[in-house]
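Colleague: I am new to this structure and should be grateful for a close look at a single part of it, namely the surroundings of the ligand. Please then place that part in its wider setting.

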Amino acid sequence: MGELLADHTTLRLGGPADQFLTHADPGTWFDLVRSVQGTRAPFVLGGGSNTLADDAAYPGAVIRMATCGIALRPLADASVEVVVQAGEPLAKVVEFAVAHGLSGIEYLGGIPGTAGAAPVQNTGAYGQQISDTLTRITAYDWDLLRLVELRSAECGFGYRTSTFKTRPGRWTILEIALRMTRSALAAPVIYPNLADALASPLGARPPLAEAAQTVLDDRRLRGLNIPDDGPDSRQVGSVFLNPTVTPAQATTIRSSGGPVQRGPDGSLRASAGWLLEQAGFCPGLRIDAGVYCSSGRTLTLAAREAATAASFTAALCTLADAVFATDGIRLRPEPIRPNAMATTSSRHLRAPECS
Ligand SMILES: Cc1cc2nc3c(=O)[nH]c(=O)nc-3n(C[C@H](O)[C@H](O)[C@H](O)COP(=O)(O)OP(=O)(O)OC[C@H]3O[C@@H](n4cnc5c(N)ncnc54)[C@H](O)[C@@H]3O)c2cc1C
């Protein structure tokens with residue numbers, strides 16, 4: 001039997017892969033490409049913290065990115081380019097930046113997963129996202145069968161999305177470059193919860209190390225970390241994106257005391273967690289076989305003993321359907337699922353589908 005994807009995802013779900021390759025040495029990428037079997041582009045796995053792999057065998061190649069390395073390059077304008085290998089944990093890159101007095105990603109500390117996966121969903125937290133500092137990506141293009149360099153403007157970044165998410169399977173990200181500034185101060189605080197935690201007004205620039213530590217403490221308090229063991233130790237964090245709502249829906253939500261935020265693109269976004277609670281869900285509730293809302297957060301689903309990828313997907317549908325029935329708002333799942341039925345790279349991955 002092939003390597004189990006369950007051994008490489010934080011949900012610990014997923015059947016065996018036909019072929020499982022680990023990419024650990026940047027110098028041997030083309031050897032690895034030559035060894036990929038089958039005709040489809042491989043499924044690329046980082047830390048597996050945003051992946052819901054099917055119970056059935058994955059009929060293709062899976063590449064786990066394990067290359068590590070962070071390099072600094074001073075730029076002419078006194079900023080610094082930080083070049084990171086795809087398999088490096090994002091949390092380590094944040095630690096490195098803060099330790100070197102570099103501002104730009106300090107609010108992304110504690111997010112599980114790899115640097116190479118961060119551009120895929122434009123990973124973000126506390127009002128900061130990887131696209132704020134990302135300047136370029138070196139990737140392997142499975143359509144052109146060669147290395148390409150993509151500038152940030154070519155990556156289609158938006159709220160938890162990018163070209164890598166909307167055209168899945170086409171590129172394997174090998175290296176990312178971030179532009180950061182040397183500063184003892186963090187980026188301006190724009191997220192109200194963080195301002196409260198820092199006891200700092202919105203727009204202020206707190207000391208870099210203090211800001212980074214406050215984020216780590218706040219994540220721990222709010223159940224935004226994966227516990228080492230216990231009932232919530234198998235999870236992918238938030239299971240739904242905060243949905244875009246119409247002005248009329250925003251007014252209704254606000255009049256019931258719910259939060260609505262305006263994004264940088266002007267769109268209004270409601271809180272998926274708040275909508276789930278309005279629909280009757282709460283921390284600790286059983287949703288499907290072995291699938292529960294985590295003990296601390298309704299928006300995080302935990303997989304327990306009896307869980308399967310099928311029951312996890314069914315639980316996502318139960319939650320999304322209930323919110324739709326209550327508020328007429330359609331929630332979109334955040335975790336990505338390797339699509340075993342796909343035959344072309346453009347249909348290689350998809351989010352779990354609900355009715
Ligand atoms: C407790 C917890 C908290 C979380 N908090 C946050 C948060 O605050 N903000 C947030 O945005 N996310 C959060 N997440 C989700 C997740 O950690 C991020 O999406 C993270 O960037 C995923 O990284 P990964 O390496 O684990 O990706 P994986 O799950 O391995 O992969 C995710 C997707 O990226 C693709 N991919 C991975 N690596 C590459 C590569 N090198 N090239 C091309 N495609 C690639 C995969 O094919 C897949 O489609 C959280 C998850 C958990 C479990």
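Modeller: The model is a predicted one, and the account may begin with the polar side chains beside the ligand. In the side chain of Arg160, an N or O atom is 3.5 Å from an oxygen atom of the ligand. For Thr123, the corresponding distance from a side-chain N or O atom to a ligand oxygen is 2.8 Å. Ser49 places a polar side-chain atom 2.6 Å from an oxygen atom of the ligand. The protein buries 95% of the 970 Å² that the ligand exposes when taken alone. Two or more residues of the surrounding shell come from each of the elements β2 (43-45), β7 (124-125), β11 (171-182) and β12 (235-238).

The shell as a whole can now be described. The ligand is surrounded by 36 residues, and the closest are Val44, Gly46, Ser49, Thr114 and Gly124. By character, the shell divides into 17 nonpolar, 16 polar and 3 charged residues.

The strand β11, which gives residues to the shell, leads on to the interior of the protein. The largest nonpolar core has 41 residues, of which Ile105, Tyr107, Ile130, Ile137, Ile176 and Leu178 touch the most other members. At least two residues of this core are supplied by each of β5 (79-85), α2 (90-99), β9 (134-141), β10 (146-151), β11, α4 (192-198) and α5 (208-221). Ile176 illustrates the packing: beyond its neighbours within four places in sequence, its contacts are Val82, Val83, Val84, Ala115, Pro119, Leu134, Arg136 and Ile137. Another core lies apart from this one and has 33 residues, including Val239, Leu275, Phe312 and Leu316.

Two loop residues complete the picture. Leu185 is situated in the loop between β11 and α4. Leu185 counts as partly exposed because its relative accessible area is 36%, which falls between the limits of 20% and 50%. Setting aside neighbours within four places in sequence, Leu185 is in contact with Ser103, Arg205, Pro206, Pro207 and Leu208. Leu102 is 83 residues from Leu185 in sequence, yet their C-alpha atoms are 8.8 Å apart.

Thr298, in turn, belongs to the loop between β17 (291-293) and β18 (300-303). Thr298 is classed as buried because its relative accessible area is 2%, and the cut-off for that class is under 20%. Its side chain makes a polar contact of 2.7 Å with the side chain of Glu277. Outside the span of four places in sequence, Thr298 is in contact with Leu276, Glu277, Phe281, Cys282, Pro283 and Cys293.

Technical notes: Residues are numbered from 1 along each chain as its sequence is written. This is a predicted model: local features need pLDDT of at least 70, side-chain atom pairs count only at pLDDT 80 or more; totals for chains, interfaces and linings use all residues. Side-chain values use heavy atoms; hydrogens and water are left out. A residue is near a molecule or strand if one of its heavy atoms lies within 4 Å of it. A polar contact is a pair of N or O atoms within 3.5 Å; within protein, one must be able to donate a hydrogen and the other to accept it, and residues adjacent in sequence count only if both atoms are side-chain atoms. Accessible areas come from the Shrake-Rupley method with a 1.4 Å probe; for residues, only the protein chains shown count as cover. Helices (H or I, at least four residues) and strands (E, at least two) are DSSP runs, numbered from the N terminus. Ala, Val, Leu, Ile, Met, Phe, Trp, Tyr, Cys and Pro count as nonpolar, Asp, Glu, Lys and Arg as charged, and the others, Gly among them, as polar. A nonpolar core is a set of buried Ala, Val, Leu, Ile, Met, Phe, Trp, Tyr and Cys residues joined through side-chain atoms within 4.5 Å. Buried means under 20% relative accessible area, exposed over 50%, partly exposed in between (1.4 Å probe, protein chains only). Contact means heavy atoms within 4.5 Å.
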